[in-house]
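User: I would like to learn how to read a few features of this model, starting from one residue and working outwards. Could you walk me through them?

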Amino acid sequence: MNTTDNLIPLPWHVAATESGAFTLAPTTRVAASQAAVPVAEQLAALLRRGTGFAVPIVEQVSAGDIALDFVETLDGGPEAYQLTVTSAGVRLIATTAAGLFNAVQTLRQLFPPAIESSRTGADDSTNRIAGTWVIPAVEIKDAPRFAYRGLMLDVARNFFTVEEVKEQIDVMAQFKLNALHLHLTDDQAWRIEIHAPENNPSGLDYGKLTEIGGQGAVNHPGVGLAPGLTGYYTQQDFTDIVAYAATKNVLVVPEIDLPGHVNAALAAIPQLNPDGQAKPMNTTGEVGYSTLDAGLPVTYEFVREVLGQVAAITPGPYLHIGGDEALVTGHDNYVAMVQEFARIAAETGKRVVGWNEYADVELPDGAVVQYWHGDFAPVIQQAQDRGSKVIMSPAANTYLDQKYETTSPIGLEWVDGGPFTWSEYYDWNPAQGGLEDNRILGVEGPLWTETVRNNQQAYWLMYPRAISLAEVAWSGQDARDLGDFRRRLGALGERLARQGVTFQAAPDVEWSAVPEFPFPAAMNANTGEYGTIEA
């Protein structure tokens, strides 16, 4: 029998009951109203893969069923849920589809890890028998601490295909992480298609952004890795990612980094340069050397078109405009440009988001500041004076690209204060420096990909640290305990291993299982297969 003691993230109320354990049987059905069917289908698909049972979807509830239903009110906000398990059946209730989805993720962890089918397609037929799928009698009431619980994937330094992004979404969503920030543009590459507009006063060739910028990536000299992978997303690709993410209760936040980190744009569109000459593409990991020009009218024409098109294909409320590491942009020019870019972004109907450097400018109502490094005072001032919400991403507690230790085969190590293991990413409080919970939108863990070439390498850097962040963002600060989390994290090992997720098996955790391939740097960076690295 599985246990309620291993749940991650930790629910705010878990109470064992005397009503008897529930056994999933070959006759078990999933009962759901019409509105709940999309979430019910995902639950049924998981149970079918893991058990081999039919698990049909029905409308009317009978004894022995798993029932999903909506209620009008529930304490805890739109993502709250309740889950009740008795010998007679399982009931999941919420006020929204997001809440039901969260309930399903908790139910998933109540089942034995064998419920997880391997991503490699291995058939664990010994577990596909009746009588093995028992979960304890329990009542769970739960709701998140923060509304925004995110990861960031840098697809500019290394390109990830649509399918790879969907795989990332699959893994993160089970831990109730609900936002995926895609870093779409940088000095090395431009990853999102921009159509030629009907009104194009300066005759800019927007197609060059992906024709030239889409072929860029970081060619990192370390650890014998092949150059970063190239490519770009058509607008249809992006729409596909967004739609898939929505089915997993994940919001996609696109980022167009401005006014620095723009070398790929300067290489693709000559008119953005004061001398009218295109910059050469750059494959190094260098930062801070590029900038748009505040004195060129075409700068604002370009930004308005790009942000407008990206906003139009983004149903979510947020549009990220970067604003970080503009080291060669003069202060006055930075303020002038970022203030105007933020206004343009807000005119699209989105809430503008930017890295904390942009907190130095006057921001529109509803703006969000993402804190990552440096002076915290302007962030506090924006929150207090203008009511801006804050996404907490302090590098020493959230940056998933940092090496676990100096011998890590991949990763970066520019942040002071390492090592950066699961515990450093767990043992901190987002409410700090005078910033209280009501001013915090949430928490995000960024993965920069200068040394990453595929999902398995990404997973190794992300997990288990992203799981730490998931609990930081979901569970109450006073309810969390480092030692208890270590135990629960160890119990999660078999579940991750069965999913085919390559994670860093931290030596201070007693893992129930470890990944088959613990050192992803041994993967062929071009094929994703394990073996000799292609330099």
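**Reading the model around E444**

Analyst: Happy to! Leaving out residues up to four places away in sequence, E444 touches Y148, G150, L151, M152, H181, Q370, I391, M392, S393 and T398. Keep in mind that this is a predicted model.

User: Where does E444 sit in the fold?

Analyst: E444 belongs to strand β17, which covers residues 440–447.

User: Is E444 buried or exposed, and which side chain of opposite charge is nearest?

Analyst: E444 is buried and has no salt bridge. The nearest side chain of opposite charge is R149, 12 Å away. A salt bridge needs a nitrogen to oxygen distance within 4 Å.

User: Which side chains make polar contacts with the side chain of E444?

Analyst: One of them is Y148, whose side chain is joined to that of E444 by a polar contact of 2.6 Å. Another is Q370, with a side-chain polar contact of 2.7 Å.

User: Let's follow Q370, then. How do I read the side-chain directions in a strand?

Analyst: Start from the general idea: in a regular strand, side chains alternate between the two faces of the sheet. Now the case here: V368 and Q370 point one way from β15, while V369 and Y371 point the other way, and all are buried.

User: Which strands pair with β15, and over how many bridges?

Analyst: β14 pairs with β15 in the parallel sense over three bridges, and W355 stands opposite Q370 in that pairing. Strand β16 (residues 389–392) also runs parallel to β15, joined by four bridges. There, V368 has K389 of β16 as its bridge partner.

User: What larger arrangement do these strands belong to?

Analyst: Eight strands close into a barrel, in the order β10-β11-β12-β13-β14-β15-β16-β17, with parallel pairing. From one strand to the next, the twist averages 25°. Elsewhere in that order, β12 (residues 251–258) and β13 (residues 318–322) pair in the parallel sense over two bridges. In this pair, L258 has G322 of β13 as its bridge partner.

User: Which helix lies across β11 and β12, and at what angle to β12?

Analyst: That is helix α5 (residues 235–247), which runs at about 140° to β12.

User: How do I read burial along a helix?

Analyst: The general idea is that an α-helix has 3.6 residues a turn, so residues three or four places apart point the same way. Then check burial residue by residue. Helix α12 (residues 465–474) is mostly covered, with 10 of its 10 residues buried. Among them are R465, E471 and W474.

User: And a single buried residue in a helix, such as L209?

Analyst: L209 lies in helix α4 (residues 208–213). With a relative accessible area of 0%, L209 is buried, because the cut-off for that label is under 20%. Leaving aside neighbours within four places in sequence, L209 is in contact with W190, I194, G214, A265, A268, I269 and F302. For a sense of scale, the C-alpha atoms of L209 and V90 are separated by 52 Å, and these residues are 119 places apart along the chain.

User: Back to charges: how many salt bridges does a search of the whole structure find?

Analyst: The search finds 23. A good way to read each one is to take the distance, then burial, then the sequence separation. R108 and E116 form a salt bridge, with their closest N and O atoms 2.8 Å apart, and both residues are buried. E116 also meets R495 in a salt bridge of 3.1 Å, N to O. That pair links distant parts of the chain: R495 is in helix α14 (residues 493–499) and E116 in the loop between α2 and β8, 379 residues apart. R495 is buried, like E116.

User: How does the salt bridge between D365 and R386 read?

Analyst: The closest N and O atoms of D365 and R386 are 3.4 Å apart. D365 lies in the loop between β14 and β15 and R386 in helix α9 (residues 377–386), so the pair ties together parts that are 21 residues apart in sequence. D365 counts as exposed because its relative accessibility is 68%, whereas R386, at 34%, counts as partly exposed. As for networks, salt bridges with shared partners join D154, R157, D186 and E450 into one.

Key
Residues are numbered from 1 along each chain as its sequence is written. This is a predicted model: local features need pLDDT of at least 70, side-chain atom pairs count only at pLDDT 80 or more; totals for chains, interfaces and linings use all residues. Side-chain values use heavy atoms; hydrogens and water are left out. Buried means under 20% relative accessible area, exposed over 50%, partly exposed in between (1.4 Å probe, protein chains only). Lys and Arg count as positive and Asp and Glu as negative; His and the chain ends are not counted. A polar contact is a pair of N or O atoms within 3.5 Å; within protein, one must be able to donate a hydrogen and the other to accept it, and residues adjacent in sequence count only if both atoms are side-chain atoms. Contact means heavy atoms within 4.5 Å. Two strands pair if DSSP finds at least two bridges between them. Axes are lines fitted to C-alpha atoms, for helices over the stretch in contact, and angles run from 0 to 180 degrees between N-to-C directions.
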